[in-house]
Amino acid sequence: MYAIVDIETTGGGGTARITEIAVFRHDGTRIVDFFHSLVNPEMYIPPFITRLTGIDNEMVKDAPTFHEVQDAVRAMTRDAWFVAHNAKFDYGFIKREFGALDEYFQRDLLCTVQLSRKIFPGLKSYSLGNLCESLEIMIENRHRAHGDAEATVRLFEKLLLNDRQKLIPIDLFQ
């Protein structure tokens, strides 16, 4: 099982918080479950982040906090590989949010950037946008958790189909 995750945040620094999260649960063949929510970061969203993501302070003021979505995030990622594009970024934020709730969060990671470099060598760029363009994957709602996570699902499916070196584990939790 794979939990394919994307988040949006208030920035990249140590005090930044999550503003949106999307998780697709995938069994290696198809999507079997999905969770998406805006998240109230309980802090100010800077204008440059709003310009990038379209998420502003007004949009998240009545959204659930991470504390209120933690059960869904935990359930969607339990007994699954945590898959993301630049996985350490997304994972680090989620791990920190759980840590702030005094909960230890541990998942095994698969990074679609690292996998793409090995399975599709020689491309000019491995950013999500450029990689999807090279592999003819449509991205709707770029820089939003749902759109980027959905594109990462399509990328991951292409990685699975082209993984001749068997880099992607398929039986960890079976």
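**Helix H7**

Start with residues 145-162, helix H7, in this predicted model. At 1.5 Å a residue, its 18 residues should span 26 Å. The end C-alpha atoms are 25 Å apart, which agrees. Now colour H7 by burial. Buried residues include Ala 145, Gly 147, Asp 148, Ala 149 and Ala 151. Thr 152, Val 153, Leu 155, Phe 156 and Leu 159 are also buried. An α-helix has 3.6 residues a turn, so residues three or four places apart point the same way.

**The loop before H7**

Step back to His 143. This residue sits in the loop between helix H6 (128-134) and H7. Is His 143 buried or partly exposed? Its relative accessibility is 27%, so His 143 counts as partly exposed. Show its contacts. Leaving aside residues up to four places away in sequence, His 143 touches Glu 8, Leu 52, Thr 53 and Asp 148. Asp 148 is one of the buried residues of H7. Next, draw a C-alpha to C-alpha distance from His 143 to Pro 46: 15 Å in space, for 97 residues in sequence.

Stay in the loop between H6 and H7 and select Asn 141. Check its backbone: phi is positive, about 60 degrees, although Asn 141 is not a glycine. Most residues other than glycine have a negative phi. Asn 141 is exposed, with a relative accessible area of 55%.

**The pocket**

Turn on the surface and find the largest pocket. About 350 Å³ of space lies in it. Its lining counts 18 residues, and the closest to the centre are Asp 6, Ile 7, Glu 8, Phe 89 and His 143. Which strand gives the largest share of the lining? E1 does, with 4 residues. E1, helix H1 (47-53) and H4 each supply at least two lining residues.

**The sheet**

Hide the helices and look at the strands. There are 5, forming an open sheet in the order E3-E2-E1-E4-E5, with mixed pairing. Strand E3 (31-38) and strand E5 (109-111) stand at the edges. Each has a single partner strand, so one side of each is left without a neighbour in the sheet. From one strand to the next, the twist averages 20 degrees.

Select E1, residues 2-9. 8 of its 8 residues are buried. Tyr 2, Ile 4, Asp 6 and Glu 8 lie on one side, with Ala 3, Val 5, Ile 7 and Thr 9 on the other. Both faces are covered. In a regular strand the side chains alternate between the two faces of the sheet.

**From E1 out to E3**

Add E2, residues 18-26. E1 and E2 pair in the antiparallel sense over 8 bridges. Two pairs are worth labelling. Ala 3 stands opposite Arg 25, and Glu 8 has Glu 20 as its bridge partner in E2.

Carry on to E3. The pairing of E2 with E3 is antiparallel, over 7 bridges. Here His 26 stands opposite Ile 31. E2 and E3 make a hairpin with 4 residues between the strands. In the turn, Gly 28 has a positive phi of about 95 degrees.

**From E1 out to E5**

Return to E1 and move to its other partner, E4. These two run parallel, joined by 3 bridges. Tyr 2 stands opposite Trp 81, and the bridge partner of Ala 3 in E4 is Phe 82. Now show the side chains of E4. Trp 81 and Val 83 point one way, Phe 82 and Ala 84 the other way, and all are buried.

Go on to E5. E4 and E5 also run parallel, with 3 bridges between them. Val 83 stands opposite Leu 110 in E5.

Just before E4, pick Asp 79, in the loop between helix H3 (66-77) and E4. Its phi is near 55 degrees, a positive value in a residue other than glycine. At 47% relative accessibility, Asp 79 counts as partly exposed.

**Helices on the sheet**

Bring back the helices. Which strands does H4 touch? Helix H4 (residues 87-100) packs on the sheet and touches E1, E2, strand E4 (81-84) and E5. The direction of H4 makes about 80 degrees with that of E1. Finish at helix H5, residues 112-119. H5 lies across E4 and E5, at about 55 degrees to E5.

Key. Residues are numbered from 1 along each chain as its sequence is written. This is a predicted model: local features need pLDDT of at least 70, side-chain atom pairs count only at pLDDT 80 or more; totals for chains, interfaces and linings use all residues. Side-chain values use heavy atoms; hydrogens and water are left out. The expected span of a helix is 1.5 Å times one less than its number of residues. Buried means under 20% relative accessible area, exposed over 50%, partly exposed in between (1.4 Å probe, protein chains only). Contact means heavy atoms within 4.5 Å. Two strands pair if DSSP finds at least two bridges between them. Axes are lines fitted to C-alpha atoms, for helices over the stretch in contact, and angles run from 0 to 180 degrees between N-to-C directions. On a 1 Å grid over the protein atoms alone, a cavity is a set of points where a 1.4 Å probe fits but cannot get out, and a pocket is an open set with protein on both sides within 12 Å along at least five of seven lines; lining residues have an atom within 4 Å of a point. Grid points are joined across faces, edges and corners, and a volume is the space filled by probe spheres set on the points.
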